[in-house]
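Work through the exercises below with the model open beside you. Try each task before you read its solution.

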Amino acid sequence: MLANAGDYVYMVVNGACKVGDMAHLQALLDASGMDVQMHYQGDDATLVALQGAGAPGVLLPLLPDGFDMTRFAFMTGVDTSVGGYACRVTRCGYTGEDGFEIAVADPANGVAVAELLLGSEGCEPCGLGARDSAALAWSLATVGRACRPAFEAVAAGAARVPAAQWSPQALANVLWAFATQRSGYGPGRVFDALEDAVVAKADALASRDVATVLWAYAARRRLSEAPRPDAVFGAVARSPGLAARLRGASPQSLANVAWAVAALYADGGGLDDAGQALGLDAVLAAVADAAVPVARAGRLEARQLATLALSLIHI
């Protein structure tokens with residue numbers, strides 16, 4: 001993000017790429033021969049983010065008298081003061097909602113500015129929300145980053161997010177990420193904390209999300225001594241319209257659902273007593289019905305066909 005600040009340009013770069021971006025900019029400056037310098041604020045300022053629809057109402061009373069919030073456009077910034085402390089305020093935010101990023105000029109004043117904001121009605125401290133936790137965990141797992149502190153931090157945040165804030169896709173993404181990560185962090189806390197959210201959202205899970213959630217819980221159970229996730233599998237089995245949803249599932253999703261059920265609840269001669277009590281025989285039957293036209297159309301890869309065959313013998 002770039003902002004014209006008069007005799008200088010204020011620039012916010014992607015945090016993960018800042019070193020490379022600054023090296024690139026410095027190379028351009030050196031080659032230009034112009035009288036231009038780049039100053040990296042780094043630890044010279046403390047950043048406080050104020051996000052959400054109520055953010056303007058919280059911030060305005062702390063700005064100088066006469067500040068016109070209606071003329072403060074999104075993605076613009078201004079040098080001003082917040083509660084009397086010198087700041088650079090930018091109307092933006094990583095959540096995509098209305099909000100502000102407040103760069104407190106003197107790091108020693110950062111806590112004071114945060115406390116002023118928190119003193120306003122409706123303003124609460126928060127960390128990563130459901131969508132952000134899922135996106136970060138999914139990204140770390142996708143690129144193979146085995147960073148245990150990062151997964152520990154995301155897990156702590158995800159465990160505190162209320163069940164109502166989780167979308168079906170966010171649940172599927174974060175569970176998949178923690179089931180596949182290889183950082184050495186034990187994901188039990190996340191799976192246990194999100195179980196109630198999965199049960200509550202079972203009716204809204206799309207076929208891909210059903211497959212991902214069940215696969216993740218099954219993968220976690222096979223790698224640990226955790227109790228079987230009966231509540232999760234039972235809620236999915238009882239969810240209305242599951243068979244219809246599975247008829248539109250991808251071949252891989254069908255294979256994942258079948259594997260997850262069989263991996264946890266098959267006893268060699270069919271489903272065990274718990275699996276039958278949970279209604280998982282109906283889940284396997286729905287997978288079988290959905291897989292028939294897929295197989296006839298030649299859309300099953302060899303490993304998907306093998307997984308389905310080995311799993312569906314337990315019906």
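**Exercise 1. List the buried residues of helix H9 and find what covers them.**

Step 1. Helix H9 spans residues 230-238. Helices (H or I, at least four residues) and strands (E, at least two) are DSSP runs, numbered from the N terminus.
Step 2. Apply the burial cut-offs: buried is under 20% relative accessible area, exposed is over 50%, and partly exposed lies in between (1.4 Å probe, protein chains only). The buried residues of H9 are Val-232, Phe-233, Gly-234, Ala-235, Val-236 and Ala-237.
Step 3. Look for the cover, taking contact as heavy atoms within 4.5 Å. The cover includes helices H7 (188-201), H8, H10 (242-247), H11 (251-265) and H13 (280-296).

Before going on, note the ground rules. This is a predicted model, where local features need pLDDT of at least 70 and side-chain atom pairs count only at pLDDT 80 or more, while totals for chains, interfaces and linings use all residues. Residues are numbered from 1 along each chain as its sequence is written, and side-chain values use heavy atoms, with hydrogens and water left out.

**Exercise 2. Establish the strand order of the open sheet and say which strands stand at its edges.**

Step 1. Count bridges; two strands pair if DSSP finds at least two bridges between them. Strand E4 (residues 77-82) and strand E5 (residues 85-90) share six, running antiparallel. E5 and strand E6 (residues 99-104) share four, also antiparallel. E3 and E6 are joined by six bridges in the antiparallel sense.
Step 2. Assemble the four strands: the order is E3-E6-E5-E4, with antiparallel pairing.
Step 3. Read off the edges. E3 (46-51) and E4 each have a single partner strand, so one side of each lacks a neighbour in the sheet.
Step 4. Add the twist. Neighbouring strands are turned by 30° against each other on average, direction ignored. The axes are lines fitted to C-alpha atoms, for helices over the stretch in contact, and angles run from 0 to 180 degrees between N-to-C directions.

**Exercise 3. Check the register of the sheet and describe the E4-E5 turn.**

Step 1. Start at the hairpin. Ser-81 faces Ala-86 in E5. Two residues lie between E4 and E5, and Gly-83 in the turn has a positive phi of about 60°.
Step 2. Move to E6. Arg-88 has Ala-103 as its bridge partner, and Thr-90 has Glu-101.
Step 3. Cross to E3. Leu-47 has Ala-103 as its bridge partner in E6.

**Exercise 4. Is E6 enclosed or open, and which way do its residues point?**

Step 1. Six of the six residues of E6 are buried, so the strand is largely enclosed by the rest of the structure.
Step 2. Recall the rule: side chains in a regular strand alternate between the two faces of the sheet.
Step 3. Sort the residues. Gly-99, Glu-101 and Ala-103 point one way, while Phe-100, Ile-102 and Val-104 point the other way.

**Exercise 5. Classify Thr-212 and Leu-140 as buried or exposed, and locate their surroundings.**

Step 1. Thr-212 lies in H8 (residues 207-222). Its relative accessibility is 18%, so Thr-212 is buried.
Step 2. Leaving out residues up to four places away in sequence, Thr-212 touches Ala-172 and Trp-176.
Step 3. Leu-140 belongs to helix H4 (residues 130-142). At 13% relative accessibility, Leu-140 is buried too.
Step 4. The C-alpha atoms of Leu-140 and Gln-181 are 8.0 Å apart, with 41 residues separating the two along the chain.
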